[in-house]
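Visitor: Could you take one helix here and go through it closely, with the cut-offs spelled out? After that, I'd like to hear about other parts too.

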Amino acid sequence: MIADSPQRTRVLIASLPDALRKLHPRDQVRNPVMFVAWVGSLLVTVFAIADPDVFTVAVAAWLWATVLFANLAEAVAEGRGKAQADSLRRTRNDAVARRLTAAGGEERVPGAQLRVGDLVVVEAGEVVPGDGDVVEGIATVDESVITGESAPVVREAGGDRSAVTGGTTVLSDRIVVRVTTRPGETFVDRMIALVEGARRQKTPNEVALTILLSTLTIIFLLAVVALQPFAIYSGGEQSVIVLTALLVCLIPTTIGALLSAIGIAGVDRLVRRNVLATSGKAVEAAGDVDTLLLDKTGTITWGNRRATELIPVEGVDERTLAEAALLSSLADGTPEGRSVVELCVERYGLSAEATAHEKTGEFVPFSAQTRMSGVDLGDRRVRKGAASAFELGDVTRRIVAGIGQDGGTPLVVAENDVVLEIGKQLLITRGALTTFSVANDLAKYFAILPAMFAAIHPQLGRLNVMQLTTPQSAILSAVIFNALVIVALIPLALRGVRYRPSGASALLRRNLLVYGLGGVVTPFAGIWLIDLLVRLVPGIG
Amino acid sequence: MSPTAAGLLQVGLLICALAVVHRPLGDYLARVYTGSRHLKVELLVYRLGRVDPGSEQTWSGYAVGVLGFSFVGVVLLHLLQRVQPWLPFDFGRGAVEPGMEFNTAVSFVTNTNWQSYVPETVLGHTVQAAGLTVQNFVSAAVGLAVAMALVRGFVRQRTDRLGDFWVDLVRGVVRVLLPISAVFAVVLIALGVVMSLKSGVTVDGQEVAIAPAASQEAIKELGTNGGGIFNANSAHPFENPNSWSNLVEVFLMLVIPVSLTRTFGTLVGDRRQGHVLLGVMGVLWAGTLAVVWWAEANGLRPLEGKELRFGVPASALFANATTGTSTGAVNSTHDSFTGLGGGTVLLNMLLGEVTPGGVGTGLYGILVLAVVTMFLAGLMVGRTPEYLGKKLGRREVTAAAVSILAMPTVMLIGAGVTAVLPSTRDALGNPGPHGLSEILYAYASASNNNGSAFAGITVTSDWFQASLAVRMLLGRFVPIVAVLALAGSLAAQREVPRTAGTLPTTGPLFATLLAGSVVLVAALTFVPALALGPVAEALP
């Protein structure tokens, strides 16, 4: 599980220098849980140097490994983002703008010197120097660098196809673009900032979770610190090494270690799917998804597509889909939009007239960035767009592929957005790993408490249900498990917990079963297995 | 009838009575705290106190009201005990010694009713009636008020007002606590509880202390206070003469906390929200009762420390109710319980007293845990967490965290220091794990504002008096301020409409999750300490 492919091992090794650099307290203090683990490692190291024996040195080494693995997770996630940012930056750097002067002439200036309102000329073969609107002319533009879509798109003055993005290439004709964004704030700039994490601020949910994790850390700190006087009272004073080992095992290091990697990897996944989120907050808001729907338009000729069929997915009934499709198209004046309205009226008997309530909705026009249009109505957000603009579940993806093979053009309609399951996945991954982390503590108590106190209260030896060999092997096994589980879960943190659209209760039940119950059982097995090996070490077993 | 059958009958009667009463009482409470009309006597109180009953407060204003009122309560109680020699019905018992007097003042204002004094020799009837009994009423009303402020946080939208503390306080006393305790004082007199202004009677040449017990007994249980007018508390035949009075007292402890779940459901507009809380409380209560009962019935000396007129079942029932609520009255010596039985009543307190908890404190305690539960559950279904239509963000989680952290922090620090103090050994009745259980119990009792004593530990030294009093203050008011802050940030929000993707909080899934969180938070915090005390005692 730790390295199920050589490639993954290579990535881990390549990130090791970054992980070591992150041991600096300046980096550690930002993460309260791992900071406590870091201080604990330092403390045990001091004791290990003062009075070295096999057990002490081993505990110190594995505590450092715990901290290092956390850094490793973050470094791997950042590494992936950095590579992507570099390729984006290349598209931007060399852009030179041909700015129209007031006198009617033309001057060549670097793209970085453009101001909002400037008019620039872009001709075939040139790169658009900044974000803006076409005010004159019509051109085909290759936007693959942004969208990944290789087919060129038409951009023309006026209407809803006038937006162009810096970094894209004009393939034919000549257009005049009015710059709408200052350099440094363009689409590509924001994308780079986002993936590099330079401006990655913690999202509200992340902040709240950090508070909860800090609370748990304080609780365990208290429980362990207060344990020493109780142990002294009972005649079984404990060493600082054992107490520190217990503390690091109990605090939620698993989620603490992976928290920032989850966030970075989530934004990274989003950008890979060509969706720009202005902030992590937007991504999470997008996670409040309710239904995923699909419709289909058969292609006749470009510019004259007609919707022919609505295909609901995964527990959505056809009428609900029709209503959502209608809602998303009511304010959409394009032939496609009108054909969706017609289909809904003809086949499902819906009214083409918007109700008074529906009229209060805010129409969101199609844009090159989002490649979807739709309507915001109260807290309902309905979006319609190309299948590639959505993160799709397995079933939906198969349906989409099927339509494409039949020569149709699939469009996806999604209610309550949208941008995707990634937002959901982010939250679920954090929640699931927190649950897993806390559930792990039960087994750790069963491993460590009998090891600490069976000498003074032999009856507590009965709690050693894993039959761990010696007190030293029990404590060391728990510490090793605690460190290794971080590495084991790095792939999950980067990929995100699998999400299937289903009811909230079903989702919760499933995640509780997998990560709650799984979190209780796994460490019993893991610690027991590690003990089988650890007890072979002289001085431990 | 065998003791077991009698016990089961009592439990059955109790559950039936609560099932019948909690609906009308819960709805009545909802009306009391939402109505706009004032009674004449209430208007008189507002005029005397120079309070404008229409002016609602922000969360911080409400908190200042609670803290100010409680501070004045401590000062008055302190003065009353110091001037006792000049008061009527003092029976020459003199001014109360400062450490004890401070501890007692704090204890009654915080609804703890920890008693480091022996009532029969230290306090006269005036201090009892004008001091302690008054606090029995108002401290319970404060708990109710705070709970109602939190409920308003869930119900109200886009406002910074949580209600008027003074109105809530006065209504709680006048419309809820006074009438019910008046009725039950009469019931208790009829059942044989003593009510007299004399200091004692001479029986066979022996002086036996008596007191106005019945009037204090009713509010002692109803307000989940627990401070006995006799040292032996509800084990004393004058406070609790027979099985019927015992059952009535258990009923009184549970009735308001149980009814408040109904009040909550009614006020948030979905009764099932209250049912699910009651379900969680009820299952945990029944579970711990079964453990205590079984452990005590199968102990080495089942009747040690128990009154013969109650026997094992009624003692277990009382012990479980007094620790599951925030009462702390006792009809048996918890110190004599088995390791498992004693450990379980200790656990009842460490759960944060939510089974079903004290008057008001139980409701806000479990709501705070529900907030944390829903935060994690919300993440696990991939939505911005929300509970009852209110989003749970940084402010809400912080407030809930502070509220939950307060009790373990003060409890563990206090018990930890005490365990290593050299003077502690002399104060303990037992060495070894049982001695540690005695320390843990005392600090859990004070930090949770329970007030029940494990006994077997002498707590009259300055260290115990002061450190326990500080625990009572912090354990009471830190959560209250945090709960009010939580209410404030909830009330400021607009309600998020519930959609198909909203996680329901009425079904068995949420109930299981909430019960799990209640147990888990306590288990993770206290398992190491319990391992050296009750667990080491209980394991063969």
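Guide: Let's start with how a bend is scored: the bend at a residue is the angle between two fitted axes, one through the seven residues ending there and one through the seven starting there. Before using that, some housekeeping: this is a predicted model, where local features need pLDDT of at least 70 and side-chain atom pairs count only at pLDDT 80 or more, while totals for chains, interfaces and linings use all residues. Residues are numbered from 1 along each chain as its sequence is written, and chains are lettered from A and ligands numbered from 1 in the order in which they are written.

The helix to look at is H9 of chain B, residues 243-267. Helices here are DSSP runs of H or I with at least four residues, strands are runs of E with at least two, and both are numbered from the N terminus. H9(B) has a kink of about 35° at Val255(B), and the proline Pro257(B) follows shortly after. What does that leave of the end-to-end length? The 25 residues should span 36 Å at 1.5 Å a residue, and the end C-alpha atoms are 36 Å apart, so the two agree. The expected span is 1.5 Å times one less than the number of residues. Just past the helix, Gly269(B) takes a positive phi of about 80°.

Is H9(B) mostly covered or mostly open? Mostly covered: 22 of its 25 residues are buried. Buried means 20 or more other C-beta atoms within 10 Å of a residue's own; 12 or fewer is exposed, in between is partly exposed, and the C-beta atoms are placed from the backbone.

H6(B), residues 125-155, makes a handy companion to H9(B). Its 31 residues should span 45 Å at 1.5 Å a residue; the end C-alpha atoms sit 43 Å apart, which agrees. H6(B) is mostly covered as well, with 26 of 31 residues buried.

Chain B also has some backbone oddities in its loops. Phe89(B) has a phi near 55°, positive even though the residue isn't glycine, and Phe91(B) likewise has a positive phi, of about 50°. Phe89(B) is in the loop between H3 (59-82) and H4 (98-109) of chain B, and Phe91(B) is in the loop between H3 and H4 too. Phe89(B) counts as partly exposed because it has 19 C-beta neighbours inside 10 Å; Phe91(B) gets that label with 16. Further along, the peptide bond from Thr355(B) to Pro356(B) is cis, with omega near -5°. Pro356(B) lies in the loop between H12 (339-350) and H13 of chain B.

H13 (361-380) brings us to the meeting with chain A: along with H14 (394-420), H16 (432-447) and H18 (508-538) of chain B, it supplies at least two residues of the side that touches chain A. In total, 46 residues of chain B are in contact with 51 residues of chain A, where contact means C-beta atoms, placed from the backbone, within 7 Å. H14(B) gives the largest share of chain B's side, 14 residues.

Now the packing. The largest nonpolar core has 282 residues, and Ala73(A), Val479(A) and Leu484(B) touch the most other members. Such a core is a set of buried Ala, Val, Leu, Ile, Met, Phe, Trp, Tyr and Cys residues joined through C-beta atoms within 7 Å. The largest share of this core, 18 residues, comes from H16 (421-453) of chain A. Beyond its neighbours within four places in sequence, Ala73(A) is in contact with residues including Ala257(A), Leu258(A) and Ile486(A).

Finally, chain A itself has 18 helices and 15 strands, with buried residues making up 50% of its 541. Six of those strands form an open antiparallel sheet in the order E2-E1-E3-E9-E4-E7, and two strands pair if DSSP finds at least two bridges between them. E1(A) and E2(A) pair over five bridges and form a hairpin with five residues between them, where Gly104(A) in the turn has a positive phi of about 100°.

Conventions: Contact = placed C-beta atoms within 7 Å.
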